[in-house]
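This report covers a nonpolar core, a surface charge patch and some backbone features of one protein chain.

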Amino acid sequence: MPVARPEPQEPRVIAHLDLDCFYVQVEQRRNPALRGQPTAVVQYNDWKGGGLIAVSYEARKFGVKRSMRGDDAKNACPGINLVQVPVSRDKADLNVYRSAGSEVVAILSTKGKCERASIDEVYLDLTDAAKEMLLESPPEMSESIFEEATKSNILDLPSDASDREENVKTWLCRADADYQDKLLACGAIIVAQLRVKVLEETQFTCSAGIAHNKMLAKLVSGMHKPAQQTVVPSSSVQDFLASLPVKKMKQLGGKLGSSLQDDLGVETVGDLLGFTEENKSTMETWLWKTARGLSGEEVEDRLLPKSHGCGKTFPGPKALKNNSSVKSWLDKLCEELSERIQSDLSCNKRVAQTLTLHARALKENECNSLKKFPSKSCPLRYGTGKIQEDAMKLFESGLHDFWGSRNTGWSITSLSVTASKIFDIPSGTNSILRYIKSPSSSATSAILDSSSTPELTFGGKITSYAGHQLMRNIVNHRLKRKIVTTVM
């Protein structure tokens, strides 16, 4: 359920940056001949040429959309270049795109608190950087304004006027503007500088939204694509939200938004203004604040993902219908997951605590075939073989809950495994890397052996504390070594 967080007392400057058709840009950097050409990145399978996951703006002019299949895209645009996502272990390998996204994050994070929201989008809290600029070199006192900033789209300013850039420059340099708008002006200049730096160093363009909270910045970042930015002055918020379809809002795109439409006749965010704040539930308070563009959600200082996941879908005749085929695919997924968490451990000194299995399943010849396959979790044990073993046990437990003791008459259309509840290894425990990497180390079995975690029970969803147990084992191992050394 959405919860209304208190608005900060001080004005903020928040930016949301979204890389333009990112997968296509990565492929264009790898093959410059694709630049300016209608191009789409396709996650290949043998049904109608695979599914499109990114479409260049040149291809969109021909009606090519991301929801299309490869064959349909060729019919709409015969000259389109279809680039296949790299494949590893018989599934899409997104590592090249993850690495490219990390290049961008490294640049953006130099100016403020940075939250990597996905593979191709980032939130920035630029409040401190904007305050510093306003104090040391305010725009109204500058002889010139960074050129890219004068191309900003400012809500409520005419965007098609012949003197548009001059109007934007005037807005950025207003001496009589209120403090919030002066900070936003500084934020617009900072974001323009960052976007140019990203382009120069990575060859990627991005679009951005600049506002006083995350919600508004996200809403406007895609308004003027590609390679543009949009600023939301405080005075523009109400008019902007009034006619915005309610399903465009974060957390209102699904069942909650449909319920507002069907039960209350709410079609636009402006329709929510009828809610009052007093004596209302948590949900109604959140709706009241949302309708007024209020959000206290903070930008998390997070450059690394909160979890690692590997999955695969099996549509139609590709559905998995027996344990051996499920195990074969789970082994591949777990092998990839093991590599990624081991890399995270080695490079970032982070440990994952919980292994979770998700699946989608259908029952054959059953009226209640839409019953969900239950997700299952257990403490995560490092090592490919152990992860594979535990994932299969989780699947068998979920299958039992889904289908009882029968072992036929079901089909799996989606499988994924996730490593979550990741924590940083505290400073002073760097030796854990050596213990985990070295099979010969006497500490390895103490840290990673399954006996160091509670007995795995698969009757329901289990909350893991494997990470805490891991650290406890480290401490105990060190204490034992200290005691032995003292005695000797």
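The notes below start with the core and then turn to the surface and the backbone.

The model is predicted. Its largest nonpolar core has 50 residues, and Leu17, Leu108, Leu124, Leu172 and Phe204 touch the most other members. Two or more core residues come from each of strand S1 (14-19), helix H1 (22-30), helix H4 (95-108), strand S8 (121-125), H5, helix H6 (164-172), helix H7 (179-202) and strand S10 (206-211). The largest contribution is that of H7, which gives eleven residues.

On the surface, a patch of negative charge is formed by Glu147, Asp163, Glu165 and Glu166. Glu147 belongs to the loop that runs between helix H5 (127-136) and strand S9 (153-154). Because its relative accessible area is 54%, and exposed means over 50%, Glu147 counts as exposed.

The loop between helix H8 (214-221) and strand S11 (229-231) contains Pro226. The peptide bond that joins Lys225 and Pro226 is cis, with omega at about -5°. Ala227 also lies in the loop between H8 and S11.

Positive phi values in residues other than glycine occur at Ala227 and at Lys421. The table gives their values and places.

| Residue | Phi | Location | Relative accessible area |
|---|---|---|---|
| Ala227 | near 55° | loop between H8 and S11 | 29%, partly exposed |
| Lys421 | near 50° | strand S15 (residues 410-424) | 40%, partly exposed |

Ala227 is thus placed in a loop, whereas Lys421 is part of a strand.

Technical notes
Residues numbered from 1 in each chain as written. Predicted model: local features only at pLDDT ≥ 70, side-chain atom pairs only at ≥ 80, totals over all residues. Heavy atoms only, no water. Patch = residues over 30% accessible without salt bridge, like charges linked within 9 Å, V, L, I, M, F, W, Y side chains within 5 Å. Areas by Shrake-Rupley, 256 points an atom, 1.4 Å probe, with all protein chains shown as cover. Salt bridge = Lys/Arg side-chain N within 4 Å of Asp/Glu carboxyl O. Lys, Arg positive; Asp, Glu negative; His and termini not counted. Charge placed at Lys NZ, Arg CZ, Asp CG, Glu CD. Helix = DSSP H or I, 4+ residues; strand = E, 2+ residues; numbered from the N terminus. Buried < 20%, exposed > 50% of the residue type's maximum accessible area, 1.4 Å probe, protein only. Core = buried A, V, L, I, M, F, W, Y, C linked by side-chain atoms within 4.5 Å.
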